[in-house]
Structure formats: C-alpha cells, structure tokens
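Hi,

Here is the structure I promised to pass on, so have a look at it before you read further. My notes on what turned up follow underneath.

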Amino acid sequence: MSNITLSDAPPGVEGAGFFATTLDKAIGLARANSLWPLPFATSCCGIEFMATMGSTYDLARFGAERPSFSPRQADMLLVMGTIAKKMAPVLKQVYVQMAEPRWVIAVGACASSGGIFDTYSVLQGIDEIIPVDVYVPGCPPRPEAILDGVLRLQDIVKNESLNRRNTPEYKALLEKYGIVTDNG
Amino acid sequence: MSKSITRISHNAPVLEDNDPQEDLVTLNIGPTHPATHGVFQNVVQIDGERIVSGVSTIGYIHRAFEKIAEHRPFYQITPLTDRLNYCSSPINNMGWHMTVEKLLDIEIPKRVQYMRVIVMELARIADHIICNGILGVDTGAFSGFLYVMQEREFIYEIYEEICGARLTTNIGRIGGFERDFNDVAFAKIREFLVRFPPVLKEFQELFDRNRIFIERTSNVAAVTPEEALDYSWSGPILRATGIDYDVRAHSPYCSYEEFDFEVPVGTNGDVYDRFMVRNEEMWQSMRIIEQALDKIDKEPKGIFHADVPDFYLPPKEQVYTSMEALIYHFKIVMGEWDAPKNEVYHAVEGANGELGFYLISDGGRTPYRLHFRRPSFINYQMFAPMSSGMLISDAIINMSSLNVIAGELDA
Amino acid sequence: MDKLTNETVIEKLKSQFGDGITHISEPKGLLTVETHKDHIIEVLRSIKEDDSMQFIYLTDITAVHHPEREKPYAVVYHVHSLVHNVRIRIKVFLEKENPTIASATVLWNGANWMERETYDFFGIIFEGHPDLRRILNMDELGVFPMRKEYPLEDPNRVDKKDFYFGR
C-alpha cells in the first residue's frame with residue numbers, strides 16, 4: 001500500500017451506499033486540490049518559486065503538479081516579482097486570457113505593493129490592474145510562505161460558491177478594473 | 001537594416017530551399033514565454049524554423065535602481081544590489097561594499113576579506129548551478145537540474161546561517177560583516193566541500209559526453225574572440241571564446257591574488273564551451289573556498305569588521321546598550337559622515353561577468369550618481385544579431401547559456 | 001613589451017591632441033581625462049588602435065547630470081586595455097540645449113545599447129547611432145528620468161501619500 005492520504009470528505013449526509021453533500025462543496029474540493037499554476041515570474045520571487053517547484057519543497061504535493069504556461073489552461077495566476085508599468089498591459093492581457101474560474105496570488109512585496117521600488121517605472125501593486133485573492137508577504141517570500149499562500153487560496157477555493165462568478169458583484173468588480181466579460 | 005542587425009559571419013546562412021512560401025513569418029517570443037526564463041521579448045522573423053532577423057525589447061522590469069540610489073544613503077543601497085543579479089546577490093553586496101570602502105580608503109582585515117571570498121565563491125557556484133541546470137532542462141535533461149538544485153538549497157542554508165536570508169541576502173555592511181560566521185556556518189561550508197563534488201561530478205557525467213547534449217550544444221552560437229570583445233562581453237561567455245579575462249585574476253580585489261586558482265577558457269565560444277567553463281569554474285570556486293577556510297584558521301578569531309566606527313554601522317544590540325555605539329549609529333543614519341568628494345570605479349567578477357560600480361560622491365549622505373555596469377545588459381545585446389541564421393531551438397539554448405538575469409538586465 | 005603606465009598614456013594623448021585633452025587627474029589610480037565632443041571619436045580611436053596602448057575593451061558608457069554647471073551633461077566612457085591592464089575614463093561635457101555627441105558604435109558594436117541607455121535616461125543624442133530609441137523605459141514616458149530635476153516617485157500615484165512617508 002502506498003502512503004497516500006486522501007483529503008477529508010466535505011460535510012454531508014452519509015448512509016448505506018450513498019453520500020450526499022452540496023454540489024458547491026464537492027466541486028470546491030475538486031478544484032482546490034487541482035489548481036494549475038500559471039507562474040508569471042519576473043524577478044527574484046521567480047527564483048524562489050523555482051525552489052518551491054523543485055525537489056526540496058515540491059509544490060506538486062498540493063495538486064499543482066503541472067505549471068501551465070498557457071493562460072487558457074491555468075486556474076491560479078501566481079504573479080512573482082516586480083511588475084513594471086511596461087509589463088502591466090501584458091499581465092492584464094494574461095489575466096483576461098485565463099478562463100473562469102481564475103484566482104490570483106500576488107507573491108512578494110513588489111507584486112503586492114511595489115515593494116521597495118516606489119519609483120516612476122514600477123506599478124505599485126498588481127491590484128491596480130487585476131483583482132487579487134491572496135497576498136504573500138516577503139522580499140522574496142520563503143518557499144514555505146509561497147506554499148502557505150497556495151494553501152490559503154485552497155481555503156478560498158473550497159468555500160467559493162458556484163454562483164459567485166455569475167453575480168453582479170463579481171461583474172462589477174471586474175468592471176472596476178476595466179475587464180469586460182462576454183462569456184456570460 | 002541597421003548595423004546592429006547585420007548577420008554575423010559564422011552563423012549558417014539562411015538556407016536556399018524550394019519553399020513555395022516566400023513570406024517570412026513574424027513570431028513574438030516573450031515577454032512571458034516559458035522558454036526565456038524571464039521577461040525578455042524577441043520579435044523574430046522566421047523562415048521555417050530558421051531565424052532571419054530579430055529585435056530584442058527589454059525593460060519589462062525596469063525598476064530605476066540608479067535613480068533610487070541617488071535618494072538612498074550608502075548603507076541602504078546594499079538591498080538594491082541584492083536585486084540586481086538575484087541568483088548571486090552576495091557578489092553584488094560585496095562589490096558594493098568594496099566600492100564604498102575604496103571611496104573611503106578603508107583597510108579591511110584579512111580575515112574579513114577571506115570571509116568575503118567564501119560567500120562570493122558560494123554565490124558563484126549557486127549561480128552557475130542555476131545556469132547549467134537550466135541549460136540541461138532546455139536541452140531536454142531535467143534530472144540533472146533536480147540533482148544540483150538540492151545542492152543550491154544547501155548553499156542557501158549556509159546563507160541563512162550567515163545572514164538569515166536565502167535569496168536577497170543583504171550580507172555585510174560597509175566595513176565588514178554585521179556578525180561573525182557562527183560555528184554552524186563554518187561546519188556547513190566544510191560539509192558543502194565534501195558533499196558537493198560527487199554531485200557535481202555526477203551532473204557533469206550526465207552531460208559532458210552525452211551525445212544528445214553535445215549535438216544540441218556543440219558549435220551552436222559559436223562566437224569568435226574578436227566579436228566577443230567588440231560587444232564588450234565579459235565573464236564565462238567571454239572566457240569560453242578563449243580570452244582569459246577574469247577580474248579576479250586581472251585586477252585582484254579582496255585578496256584574490258593570494259589564492260591559487262585557474263581561469264578556465266574555452267576554444268570556440270559555443271554553448272558547450274560555456275557549459276564546460278562554468279562547470280570548471282565551480283571546481284575552481286571549491287578550491288578557493290577550501291584555501292580561504294585554511295587561511296581563516298590562521299587569522300586571529302572573532303574579527304569580522306574593520307575598526308572604522310565612523311562608517312561601520314554598529315551591531316544593533318550594542319546600539320541599545322552602549323552610548324558610543326548609539327552615537328555612531330545616530331551619526332551614520334543621520335548622514336553626518338565625511339565621505340570624500342571623489343569618483344570611483346570598482347569592478348568585481350560577478351557570476352555573469354564584470355560587475356562594475358561607478359560611484360560619484362559629492363560628500364553628501366547619498367551618492368551623487370551611481371551607475372552599475374551590468375554584465376547581463378551588455379552581454380545580452382549581441383543576442384538578436386547573433387540569432388539570425390539560427391534555428392529557434394538553438395536560439396533558446398543560446399539564451400539560457402548567456403544566463404541573462406532579468407533584474408540585472410533591466411536595472 | 002613595455003608596461004603601459006598612466007604617464008605614457010597622458011604623454012601620447014597630449015602629443016596627439018594637445019589642448020584637446022584637459023583636466024587630467026587620477027582619482028583612485030584610474031586615469032581620468034576630459035575632452036571635447038569634436039574629438040571624442042578620434043581620441044577613442046587612437047587609444048584603441050595605437051599598438052602600444054590597445055584600449056580594445058569598452059567597459060561602459062554612461063552619463064552624469066550636473067545641473068549647476070554651464071555644460072551640465074557629462075558623458076563618461078570607461079575603456080580598458082586588456083593587454084596592459086590599464087583603465088582610462090574619458091569625460092565629455094555637453095551643453096544644456098540639445099546635447100549631442102558622436103556615436104561610438106563606429107568603433108565598438110557593444111556601444112549600441114550603452115548609448116541607447118544613456119539616451120533613455122539623459123536624453124543625450126548620439127549622432128550616427130544606428131537605432132537610437134528608448135531601451136528600458138516606456139516610449140510614452142516623455143521625460144528623461146535620470147536628470148536631476150525629475151523626482152524618483154511617480155507624481156501621479158494616488159495610493160501612497162507622501163505624508164505617511166515623512167516626505
């Protein structure tokens with residue numbers, strides 16, 4: 001037998017031969033444990049992400065086995081490193097190309113707030129152009145911190161209601177960033 | 001087209017074939033392409049798989065280091081240098097400290113110099129591990145990367161023992177180190193000298209006679225010494241062309257003249273030679289670290305900074321308990337120090353080449369002007385012209401063998 | 001081969017350019033001279049091609065802004081003779097209005113990006129440069145940010161109040 005641990009079942013009603021829970025919970029569980037990351041690595045934090053993906057820390061343990069370099073097949077956008085104003089439109093384009101549901105982690109001080117680079121050329125935090133779900137502090141964060149950020153995102157994903165992406169609030173949030181959704 | 005785009009003679013010409021389609025295809029590689037390991041954009045014109053011409057666009061993480069440096073006191077510039085070449089930040093830290101010490105005419109005790117040599121050589125190994133490991137990944141061999149990355153993690157453990165950080169280390173102060181290496185650090189450095197050689201040997205054996213690797217890299221992107229000098233190349237890629245220019249040997253700093261090491265050179269400047277030069281440099285770095293440890297043993301213990309209270313930030317615990325330290329701390333932090341009006345150029349051998357600091361001081365608490373001569377920036381400019389005539393796959397491994405670090409490229 | 005010293009370099013430059021070479025000094029042992037923008041390419045060419053000097057390696061080109069000077073922009077060349085291991089720093093001061101200087105790309109291809117960077121930050125026009133565009137900053141930036149009159153921070157940013165940062 002292998003020593004694989006299975007994740008706990010969501011709360012539900014169990015009986016002989018059946019198990020009933022809400023669809024939200026079941027899908028949330030599935031989504032949370034198969035987040036495909038899109039590493040948008042620009043600088044120092046990207047090197048720490050390499051360590052996170054590498055042999056010692058191994059992000060793959062949390063269902064993020066496959067770094068997806070195509071935004072179309074990614075769930076979790078990890079923005080690692082300084083985003084200069086020259087880069088901002090590219091990042092926004094990548095975010096727009098991702099399919100719903102999509103989540104964003106701002107890894108490191110630069111992506112969260114501009115970090116030590118309060119200069120004319122650096123975007124002061126990616127939340128000026130795209131919505132962010134989890135912020136990971138550090139300059140750069142240690143791999144453990146990045147893993148913790150992913151786990152915090154898993155909590156969010158598990159508990160997200162299935163309908164959230166269709167609500168007017170969510171549309172308004174995207175519109176605030178000038179992102180128009182035409183897929184429903 | 002302009003001069004910068006003219007084809008360089010040694011590359012194979014674009015093949016005359018019977019392709020019915022005469023149009024060239026424009027392909028945009030980057031700025032977030034996974035094969036580029038960073039934010040580099042190259043717009044290339046391709047004929048089939050062969051690149052006809054290309055234009056590089058850089059500046060996607062331009063962070064205005066030089067402008068920030070004009071607004072920060074000298075001791076606050078060390079964290080900026082971390083983020084230049086973040087794969088080998090200790091070399092940048094030490095280079096910056098030495099530049100300021102040159103400006104201030106501070107004599108550094110020998111033990112501190114040897115300690116600096118150790119961290120710089122560890123950083124060089126860490127940087128070369130990344131570059132050569134990634135080169136392996138790009139040629140299709142992932143396993144070598146995983147082997148050596150574990151050793152890089154061990155180097156990071158040593159950094160943590162020395163300064164507490166892994167990547168952006170901020171090691172040292174102007175005038176020395178902020179604290180002495182502890183016993184664990186010395187023990188770990190010695191352990192590294194024992195455990196790394198077999199791994200490096202295994203890594204090397206995976207590649208250097210591997211037929212796939214040789215076919216992918218040999219004679220790819222070969223550069224002549226004349227071209228390399230014309231484009232002001234420096235570092236391992238210049239040495240791969242056969243020119244033995246190494247700042248450590250050429251104009252020794254930090255007591256490098258006392259160490260016995262060799263400067264490996266290549267013969268035809270191709271990707272394979274660059275790989276071999278970097279591998280050999282790792283062996284030489286190990287030799288240097290070993291000698292430095294022996295030298296430290298002969299020096300009096302416990303010295304980790306020069307006796308220059310006017311410029312050396314005192315340890316924090318002393319600031320809280322001793323009046324004298326508090327006064328010096330206050331003076332340095334409030335900018336009451338007598339930096340001479342002068343200009344300094346100091347170069348160190350970074351992992352990618354000659355890392356120069358051109359510092360102009362007008363006597364104030366901040367530099368009047370600080371310019372970084374960044375090897376990645378200068379090395380990378382040949383990439384687009386030399387790519388014309390290459391296959392796309394060759395251009396990709398050429399880029400990884402140049403080891404361009406985005407932070408250093410864009411400043 | 002005789003060892004090249006700073007004195008011999010000065011002597012050779014003096015004999016060739018006379019008053020074209022001024023303000024000779026050696027801060028921290030690095031020979032520093034000033035010349036006029038009309039001579040810069042000849043000076044660089046002569047030190048590069050002279051058999052006894054061979055300053056073949058262009059280390060760096062950058063600029064410095066001294067707003068208080070009559071000629072505020074200094075273009076600084078660092079050139080290295082790899083054979084003799086001697087470095088030289090050559091400065092050229094340029095006028096405030098429309099600073100132009102000849103491009104060193106005729107001597108070194110490596111000067112290309114160094115000059116583009118200098119143009120990008122200081123607005124110095126290198127005449128004869130094959131491709132003088134901005135390199136690091138955005139094309140829309142509109143200013144030359146390393147000039148002393150421009151602030152470090154983005155003046156349009158809204159989220160960080162100077163008040164909270166003691167500025």
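A word on handedness before anything else: a crossing of two helices is called left-handed if the near helix is turned anticlockwise from the far one by less than a right angle, and right-handed if clockwise. You'll need that for chain B below. Please also keep in mind that this is a predicted model.

**Three helices in chain B**

Two packed helices are described by the angle between their axes and the distance between the axes. Take α5 (residues 142–163) and α6 of chain B: their axes come within 10 Å and cross at roughly 165 degrees. Angles over 145 degrees count as roughly antiparallel, and that makes α5(B) roughly antiparallel to α6(B). By the definition above, the crossing of α5(B) and α6(B) is left-handed.

Who meets whom there? On the α5(B) side you'll find, among others, Tyr147(B), Val148(B), Phe154(B), Ile155(B) and Ile158(B), while α6(B) brings residues including Val184(B), Ile189(B), Phe192(B), Phe196(B) and Phe207(B). Sorted by type, the residues of this contact come to 15 nonpolar, 1 polar and 5 charged. Glu151(B), Glu157(B) and Glu161(B) of α5(B) take part, and so do Lys188(B) and Glu202(B) of α6(B).

Now turn to α6(B) (residues 183–207) and α11(B) (residues 271–298). Their axes come within 11 Å and also cross at roughly 165 degrees, so α6(B) and α11(B) are roughly antiparallel to each other. This crossing, too, is left-handed. From α6(B), the residues involved include Leu193(B), Phe196(B), Pro197(B) and Leu200(B), and they meet a set in α11(B) that includes Phe275(B), Met282(B), Met286(B) and Ile289(B). Here the split is 11 nonpolar, 2 polar and 2 charged. Ile189(B), Phe196(B) and Phe207(B) are on the list for this contact, and they are also on the list for the contact with α5(B).

One residue of α11(B) to click on is Leu293(B). Is Leu293(B) buried or partly exposed? It has 17 C-beta neighbours inside 10 Å, so it counts as partly exposed. Leaving aside its neighbours within four places in sequence, Leu293(B) is in contact with Ile189(B) and Arg190(B). Arg211(B), on the other hand, is 82 residues away along the chain, and its C-alpha atom is separated from that of Leu293(B) by 38 Å.

**Chain C and its sheet**

Chain C has 3 helices and 7 strands, and from the N terminus on they run α-β-β-α-β-β-β-β-α-β. Its C-alpha atoms fill a box of roughly 65 × 35 × 30 Å along the principal axes. Of its 167 residues, 40% count as buried. Among the contacts in chain C with a separation of 6 or more, 51% are between residues 24 or more positions apart.

Strands of a sheet pair through backbone hydrogen bonds, either parallel or antiparallel. In chain C, 5 strands form an open sheet with mixed pairing, in the order β1-β2-β5-β4-β3. β1(C) (21–25) and β3(C) are at the edges with a single partner strand each, so one side of each has no neighbour in the sheet. On average, neighbouring strands are turned by 20 degrees against each other, direction ignored.

The partner of β3(C) is β4(C) (residues 73–81): the two run antiparallel and are joined by 8 bridges. Asp60(C), for example, has His78(C) in β4(C) as its bridge partner. Helix α1(C) (residues 6–17) lies across β1, β2 and β5 of chain C, at about 165 degrees to β1(C).

**Where the chains meet**

Between chains C and B, the contact takes 28 residues from chain C and 35 from chain B. On the chain C side, β3 (57–65) and α3 (111–122) each supply at least two residues. The largest share, 6 residues, comes from β3(C), which is also one of the edge strands of the sheet. This side of chain C divides into 15 nonpolar, 9 polar and 4 charged residues.

Chain A touches chain B as well, with 27 residues of chain A in contact with 25 of chain B. α2 (44–53) and α3 (88–97) of chain A each give at least two residues, and the largest share, 4 residues, is from α2(A). By type, this side of chain A has 15 nonpolar, 9 polar and 3 charged residues.

Over to you!

Definitions and conventions: Residues are numbered from 1 along each chain as its sequence is written. Chains are lettered from A and ligands numbered from 1 in the order in which they are written. This is a predicted model: local features need pLDDT of at least 70, side-chain atom pairs count only at pLDDT 80 or more; totals for chains, interfaces and linings use all residues. Two residues are in contact if their C-beta atoms, placed from the backbone, lie within 7 Å. Ala, Val, Leu, Ile, Met, Phe, Trp, Tyr, Cys and Pro count as nonpolar, Asp, Glu, Lys and Arg as charged, and the others, Gly among them, as polar. Axes are lines fitted to C-alpha atoms, for helices over the stretch in contact, and angles run from 0 to 180 degrees between N-to-C directions. Angles under 35 degrees count as roughly parallel, over 145 as roughly antiparallel, 65 to 115 as roughly perpendicular and the rest as oblique. A residue is buried if 20 or more other C-beta atoms lie within 10 Å of its own, exposed if 12 or fewer, and partly exposed in between; C-beta atoms are placed from the backbone. Two strands pair if DSSP finds at least two bridges between them.
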